[in-house]
Amino acid sequence: MSTITTAQNSARANSITLLDEAKAKTNLLGMTQAQLSDYFKSIGEKPFRATQVIKWIYQHGVTDFEQMTNLSKSLRDKLMFNACVTPPKVIHRQYSDDGTRKWVFEVTGGSLVETVLIPADDSKVDGRKTLCISSQVGCALDCSFCSTGKQGFERDLSAAEIIGQLWVANASYMSDDNDSLADIDHSAWENKVTNVVMMGMGEPLLNYDPVVGSMALMLSDHAYGLSKRRVTLSTSGVVPKMYELAQDIDVALAISLHAPNDELRNELVPINKKYPLAELIAAAKHYVYDVNPRHKKHVTIEYVMLDGVNDSDAHAYELAALLEGLPSKINLIPFNPFPHAPYDKSSNNRIHAFSNILSQAGFVCTIRQTRGDDIDAACGQLVGQVADRTRRSAKWQQSIKDRSAI
Ligand code: SAH
Ligand code: SF4
């Protein structure tokens, strides 16, 4: 009996030591250049080590310090003891016949988030691969047509969990199996993702620092080196943060508008009650004109097409009038239905008629193609089978049951 207890105690002691070590390790994934420089200073090293490590992680996909051969042996040992490079854990991956790929990640605390990669189906844009990244688990903003909103808000993702989605997507082209990544030739590593859109789960401007830090790594020549036109942040209109964004980073901006007047937008996108259209359009104009006026920019206006709700000719004319003076491209999104959604998708004819009115008014107007249907991977509706654990979700599920019981 006493032997068992001793064995149990020593096992517990070991696991506690391991746990403490794991906890104490600093995850370098997602740290910006400045944060990583500070980290190196804090461990008594030269700040330029940050550039070397960033290149290893993002340009060569190396997560094992032992393989970072331009660092001294003593620095590698120090890093192995104190730090780690740990992307979020993939618990499910699905690859579609049309090239679309989807990953479900389990992030710290056990929550699940999804990421989707959508290749261009147009031979003229050969090789374009767009990754749709999540910024939060769930979303607090509760837009009436959005399944993420129906989950409620669970928590913000860390920078490691945000940039880690891009890291994993690129890694998937080097090896299908994360465990065998250690054995590949990292000098032949090639990042295949060409475009990133912050259009997965969550409102990116409500998780500001980790999102902006991650986008800085996407743009940095030492990390992913993507052009600023190929990194897009989509917001439902968190107006004060749009002004901050204009100061902090130059990326493409998409605005989830979905309605041409306040009355309808209050219903579809409730944050409109706090920041109504006039304020939103002013913030969008500031983003385009005031920050770097010589650099010709536009915003993308996203508009989900809901049958009989926001898709009439009158709505199209009203939208054209609202957007006058704001350089914008309009992207019409066929509504992605989800179980018990209170809307239907507009017909193709209706979407085309709506689009024609906007084109005639002088706007560039596109209709979003839905891809990856066979793996339930439509961008902007990344919740599929993801388990949701919030109280609000339980209430919403209950209200559905109550409704169907009537
Ligand atoms: N919170 C941000 C980014 C994530 S949503 C935002 O709202 O912009 C990404 C895009 O998907 C948004 O334009 C959103 O309005 C759209 N979307 C959400 N639910 C959708 C659905 N069921 N069908 C089609 N598009 C949807
Ligand atoms: Fe949140 Fe965007 Fe969904 Fe609205 S559309 S609930 S802001 S994720």
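Strand 10 (residues 231-235) runs parallel to strand 11, and four bridges join the two. Thr235 has Ile255 of strand 11 as its bridge partner. Between these strands sits a helix: strand 10, helix 8 (residues 239-248) and strand 11 form a β-α-β unit, and it's right-handed. Keep in mind that this is a predicted model.

How covered is strand 11 (residues 252-256)? Mostly: four of its five residues are buried. Strand 11 also pairs with strand 12 (residues 299-305), again in the parallel sense and over four bridges. On that side, Leu253 is matched with Val299 of strand 12.

Here are the parallel pairs side by side.

| Strand pair | Bridges | Sense | Residues facing each other |
|---|---|---|---|
| 10 and 11 | four bridges | parallel | Thr235 and Ile255 |
| 11 and 12 | four bridges | parallel | Leu253 and Val299 |
| 13 and 14 | four bridges | parallel | Asn331 and Thr366 |

Zooming out, these strands belong to an open sheet of 10 strands, ordered 3-4-5-6-9-10-11-12-13-14, and the pairing across it is mixed. Strand 3 (89-95) and strand 14 (364-367) are the edges; each has a single partner strand, so one side of each has no neighbour in the sheet. Ignoring direction, neighbouring strands are turned by 20 degrees against each other on average. At the strand 14 edge, the partner is strand 13 (residues 328-334), held parallel by four bridges.

Now for ligand 2. Its surroundings include Cys139, Cys143 and Cys146, along with Asp142, Glu203, Ser236 and Ser256. By class, the shell around ligand 2 comes to four nonpolar, five polar and two charged residues.

Terms used
Residues numbered from 1 in each chain as written. Chains lettered and ligands numbered in written order. Predicted model: local features only at pLDDT ≥ 70, side-chain atom pairs only at ≥ 80, totals over all residues. Near = placed C-beta within 6 Å. Nonpolar A, V, L, I, M, F, W, Y, C, P; charged D, E, K, R; others polar. Pairing = 2+ DSSP bridges. Axes fitted to C-alpha atoms, helices over the stretch in contact; angles between N-to-C directions. Buried ≥ 20, exposed ≤ 12 C-beta atoms within 10 Å, placed from the backbone. Right-handed = clockwise from strand over helix to strand, strands pointing away.
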